[in-house]
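Here are a few exercises to work through with the model open beside you. Try each task before you read its solution.

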Amino acid sequence: MVLTSSQIKAFNLWLKRQGVRLEGVKIGCDSYGGLGVYATQLLSERSVLMVIPETAVMSLRNLRCDEVDFLLERDFAPSQVLQMAIAAEIAAGPQSRFYG
């Protein structure tokens, strides 16, 4: 899949809205149109490249599916519950904070 510059800009905007901080790196396209993380300064071995808040990561704790606890109590595997919760986020479309 080749990404356009407008898709990269939209992704960078989404990252910013989610509170992701890039430190000494940028998100961009390679010469084949693929997504990459590129250094914008000299980085050391222990450099922090980005800070990603837990709320920006899809997990069972922060998805909108109200039935997560109910399903987990009914012996559904966590991976199955996560799949259903992600489907609920996709169905929410622009109303989901993960949309974009």
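**Exercise 1: the two sides of a helix**

On the other side of helix 1 from its buried residues, Ser5, Lys9, Lys16 and Arg17 are exposed. Exposed means over 50% relative accessible area, buried under 20%, and partly exposed in between, with a 1.4 Å probe and protein chains only. Before going on, please note that this is a predicted model: local features need pLDDT of at least 70, side-chain atom pairs count only at pLDDT 80 or more, and totals for chains, interfaces and linings use all residues. Residues are numbered from 1 along each chain as its sequence is written, and side-chain values use heavy atoms, leaving out hydrogens and water.

Task: find which residues of helix 1 are buried, and work out what covers them.

Solution, step by step:

- Begin with the extent of the helix: helix 1 runs over residues 5–17, has 13 residues and reaches 18 Å from its first C-alpha to its last, close to the 18 Å expected at 1.5 Å a residue. The expected span is 1.5 Å times one less than the number of residues. Helices here are DSSP runs of H or I with at least four residues, strands are runs of E with at least two, and both are numbered from the N terminus.
- Next, pick out the buried positions: these are Ile8, Trp14 and Leu15. They cover an arc of only 120° around the axis, which puts them on the same side of helix 1. The arc is that of the directions from the helix axis to the C-beta atoms.
- Now look at the cover, which includes strand 2 (25–29) and strand 3 (35–39).
- Finally, step past the end of the helix: Gly19 follows helix 1 and has a positive phi, near 90°.

**Exercise 2: following Trp14 into the core**

Task: list the residues that make up the largest nonpolar core, then find which residues Trp14 is in contact with beyond its neighbours within four places in sequence.

Solution, step by step:

- The largest nonpolar core has 6 residues, namely Trp14, Leu15, Val20, Ile27, Ala56 and Phe98. Such a core is a set of buried Ala, Val, Leu, Ile, Met, Phe, Trp, Tyr and Cys residues joined through side-chain atoms within 4.5 Å.
- With neighbours within four places in sequence left aside, Trp14 is in contact with Ala56, Arg97, Phe98, Tyr99 and Gly100. Contact means heavy atoms within 4.5 Å.
- For background, nonpolar side chains tend to be buried together in soluble globular proteins.

**Exercise 3: helix 3 and the loop before it**

Task: decide which residues of helix 3 are buried and which are exposed on its other side, then look at Asp75.

Solution, step by step:

- Helix 3 spans residues 78–92; its 15 residues reach 21 Å from first C-alpha to last, close to the 21 Å expected at 1.5 Å a residue.
- Its buried residues are Val81, Ala85, Glu89 and Ala92. Seen down the axis of helix 3, they fall within an arc of 80°, so they line one face of the helix.
- What covers these buried residues includes helix 2 (68–73).
- On the other side of helix 3, Gln83, Ile90 and Ala91 are exposed, while Gln80, at 39% relative accessibility, counts as partly exposed.
- Just after the helix, Gly93 takes a positive phi of about 55°.
- Asp75 sits in the loop between helix 2 and helix 3. Asp75 has a positive phi of about 70° although it is not a glycine, and is exposed, with a relative accessible area of 73%.
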